Amino acid sequence: MDQPDGSTMQQADIDALIFEARQLATDLTTPGLASQVATIQDRLLKLQKSSAGWMIADGFLGCEDPKIRFYGPLTLTMKINQEWDILNVEQRLGLLAQLMNCFVMLIDSAEKPLVMRKFFSTLTTFFFKPGSPWTYSVRHVTVTLANGKYLPEDKSEEPTLAIHALSALSHERLVALLSFCTALAEESTRYLTEGTESGNRLQANTNDVFHLIDYGFERAVNNAGSVSNQNVTDHSLDVAKESIQTLHAWLQAFHNGKINPPGLAEKVKKPLGFAAHFFGIEALALPAMELFAETIANQYKLVGKDHMDALINFIVGPGERYAIALMNGEYDDESMKFLDLLLRFSALDQSNIIINGPSDENREKILFLLYKLFHAPGYPQVDDCAVILLLEFWTEVASDIDELVLDGALAFSEEIKQKLARVITEGYDKLRFPSHEVSETWDDNELRLFVYFRREFAEYLLEVYPLLGVDVIRHILEQASNSIAKNDWEGFEVAIYCLGSLAESVAENEHADSLLDDLFCSEVFQSVCFGHKEIPLKVRQTMADMIDHYTLYFARNGKLLAPVLNFLFSSLDFPSCDPVASRSISSLCQSCRKFLPMHSQGFIDKFHQLCTKSSLGDSTLERVAEGIAAVIQAAELDRERAVALLKLLNPLLQEAQAACQQASNGQYEEGLARSLIVMRCIASIGRGIRAPDDDVIDLDTHDSQPASDSFWANDPLGVSVTETVICILDTLVGQFPNESYMIEATCDVLKAGYTERHPGPYVLPTQVTVRFVKATNISSPCFSNVMATATAFLASRSSTPLVIEQEVTELTLHTATLIQTLTVSANSYDPEAAHSCIDFLTRLIPRYYVQFFNLQYVDTTPPPLPAILSFTLDVLKRPDPLPLRASCSFWAAILSLTDLPSGLISTGASMGSPRPNEPPGFLDPYLRVLGEYVMHQIAGNCARSDLDHFCEVIKKFVFKHQGAARHYFGNGLVSLNVPPKAPAPDTGAIQSLPAPSVTQQDLQKFLSTIISLRGARQTNANVKNFWVSNRGKGFAYV
């Protein structure tokens, strides 16, 4: 192929390059050269992109091996992409002429599909290039192929030329033309065509394309004589198949490119009708089904009544073979595409099939098929690939009907109700879990797919429940009864699963209670609960999970709690059931605690039996302990609660002591594992013993609460419970002080009592928390958890801050000590520890600021308060975001105080002009540094994401202490040392970002602005603008 740019090279040089390129391409297809592939590809790419690339493409096309010829159109495409912008219109037209002549040659030489597909890509690349001189490409190629050689496009401007030229095309040229049109449409998805020049050119070919498709269908039908498998020639099949694919590709291109040619519905009516006639031909059924399925999905308005009639005749006629294949468990491409077409057609025609139908015999057959396919063999998603699509279809139908009913557009009839309910019956058996022998052959993915189908079925139940109401429950319970009567436990498990899935719609109100009573009060259910009937393990798992979902129902029916809890506790003996059973025990005991105090002793005994089992899951004992504690909390008398708690806690204390002894005797890991279980159980008991959030407070009773307070604080029995908890803590933390999981669990135990408003068994003496916190340092495991616990402790006593003055002082002094260790050296600083310490102090200040500022009078070395304030200021200069933001919050909290102790800020500083002879207030030196640091950071030196945090400091300072803010922020701005603005020399250098431009006048204006805003929200915007001005406008963004 000649070089379009007109450049020349010596023929000998060209021949050498062509030879080398051919050899390189041959090497790429030769086995055994894998290690050299990268080198070969690099060299070949250089040759293809060289000035000789056009001739190299010719050289490739002249090879005998089609694998090498493939590199010809590949190279042409590369060269078009590479040199398009340097080719003028005349050169582009010359290139098009050569491409057209080459195309004719390839067709006449019966080129292999591999090469032809790549050449189509070359032609489409030329077409979609911006400014391409090729507009009516379909018509032009048609006329060129009819002529046998290139004709200029202006010689084929009349549309009738293409129509007349079509009859002159040989079979091979017609098929190639259709294939080119298909490629043109398919490649359009790679380009932006909506409202673009290339999109307009693509749309300009619409009429020619549909003339071509119509001609292709007519020629295929005429050559075939009639549409049947017996007398359709190979040529007719080829043309018909290509016509279907071309129509499909162009409809997709219009949809994807959002192109809407005028009169498209009318243009597509005839070719769609032709395509429907080929459903009966096995070789054409698949592309025809794909065409109609996607057209219905994306452009259903193009499908007319005649097309719908043809579709339904196919589905109940020739398509029956695909339905039979699905029923026989054959899920090949044709069968699955038939299912796709069936479901899309049914969705489009659901008014005539389901809502108001079936309106005729054929639609009745389709409805039957929509139910019958639930009975295809195999397990869903594992063997049966079709049933999930069928279920999704019915779920969508139910959703559509629900919307119509809600909008008042449809009166929900008994007939529709029965159709939706029938889906439950037909699909019911698909939910059965496989036998153990079958499930053992499944991998994890197959199991997940099967479980996914069950969840999707549950979604269908939830979708139809608003429409069918309690009839769904009645239907499921009938299935459960039938299964029990047949001793069919797998079927019973499906019913229980379905009930559990509906719990969120059923359990919260009483409308279905009478139906549920029929199951849960039945003799069979009671026999199962008390172990008189043996049930499979999977049934036990599902039943335990279902009980958890129906907690509210059981709370309304207290008489059922005993058998249900007996079932759950017995299920703990089965390792695979204990996670779900323990979860159900916990939720049931907490929700129904008022019915269960008389059973607490039995629960406690069962708990201690469980403690001896080594096969339980990690959290089983914790959940059970929490549930039992909730039951104990529901006892009427504090003495009863205390006795039960001691029975629950004392064996745990003994277990803790034994575990520590085991760890001391050389079995450290074993002892630690036992100790962690004990500590986590203690924490769970603490959560369970809390009074429920909805507990009724009797405002008319004045004596009961003080008596209760007195019991837990003064009565020896009540105090002994608290002492037992403390003893367990001391024992385990003393033995394992550096184990992170132990520290976490200890924090949970302490926090369990923080939410209580009155003395209780887990409201431990304040010194327990203080002692625990003070025992840690910055290198302790879970240090952040410990400091968060200290913060929670302060919050729990915020209503009575004066009661814990001493404790607050101790914790603050300890924090000051921790901070001092962070500043010993550069290596001792830990951002996470710094954040935890500052965050604790920040949360302390609003309620305990008096105790905090009283630290200025503590006489230690170094003094604690200066150490804290200096550290928080130092953090403001560091890059770590979390401590920096915590420090901003710390100073914002101080500056927000409405009654800051007197003397902290001098009178002169408060007025904005310090007096010469007035001694500074305690905070004045720190506020001076704060002003400098804040102004330095917002002057382009901090991260943009930190600006809002600095803004909080600025707003609080300005709002509460305007004079001091003006003084100290002003000094901070002066410290920036901004020189007077001078004209910048024109150096001619290119700057990637605009340089900052701030003058002294800008600084003064900024200060005046933020002071005048008095902490208003607009401060943030002004600070960000100031930051951008200093950083450079290249950093500005919305």
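In the next few minutes I will walk through the cavities found in this structure, which is a predicted model.

Let me begin with the general idea, which is that rolling a probe the size of a water molecule over the atoms shows where empty space is left. When the whole structure is searched in this model, two cavities of 30 Å³ or more are found, and I will take them in turn.

The largest cavity has a volume of about 50 Å³. If you would like to find it in the structure in front of you, its lining is made up of Val-138, Arg-139, Thr-142, Pro-159, Ala-162, Ile-163, Leu-166, Asp-208, His-211 and Leu-212. Three elements give two or more residues to this lining, namely α8 (137–147), α9 (159–166) and α12 (206–224), and the largest share, four residues, comes from α9. As for the character of these residues, six of them are nonpolar, while two are polar and two are charged.

Turning now to the second largest cavity, its volume is about 40 Å³, and the residues that line it are His-248, Leu-251, Gln-252, Glu-294, Thr-295, Asn-298 and Gln-299. Which elements supply at least two residues each to this lining? They are α13 (234–256) and α15 (282–299), and it is α15 that provides the largest share, with four residues. Here the lining divides into one nonpolar residue, five polar residues and one charged residue.

To leave you with both linings side by side, the one around the largest cavity includes six nonpolar residues, whereas the one around the second largest cavity includes five polar residues.

Key
Residues are numbered from 1 along each chain as its sequence is written. This is a predicted model: local features need pLDDT of at least 70, side-chain atom pairs count only at pLDDT 80 or more; totals for chains, interfaces and linings use all residues. Side-chain values use heavy atoms; hydrogens and water are left out. On a 1 Å grid over the protein atoms alone, a cavity is a set of points where a 1.4 Å probe fits but cannot get out, and a pocket is an open set with protein on both sides within 12 Å along at least five of seven lines; lining residues have an atom within 4 Å of a point. Grid points are joined across faces, edges and corners, and a volume is the space filled by probe spheres set on the points. Ala, Val, Leu, Ile, Met, Phe, Trp, Tyr, Cys and Pro count as nonpolar, Asp, Glu, Lys and Arg as charged, and the others, Gly among them, as polar.
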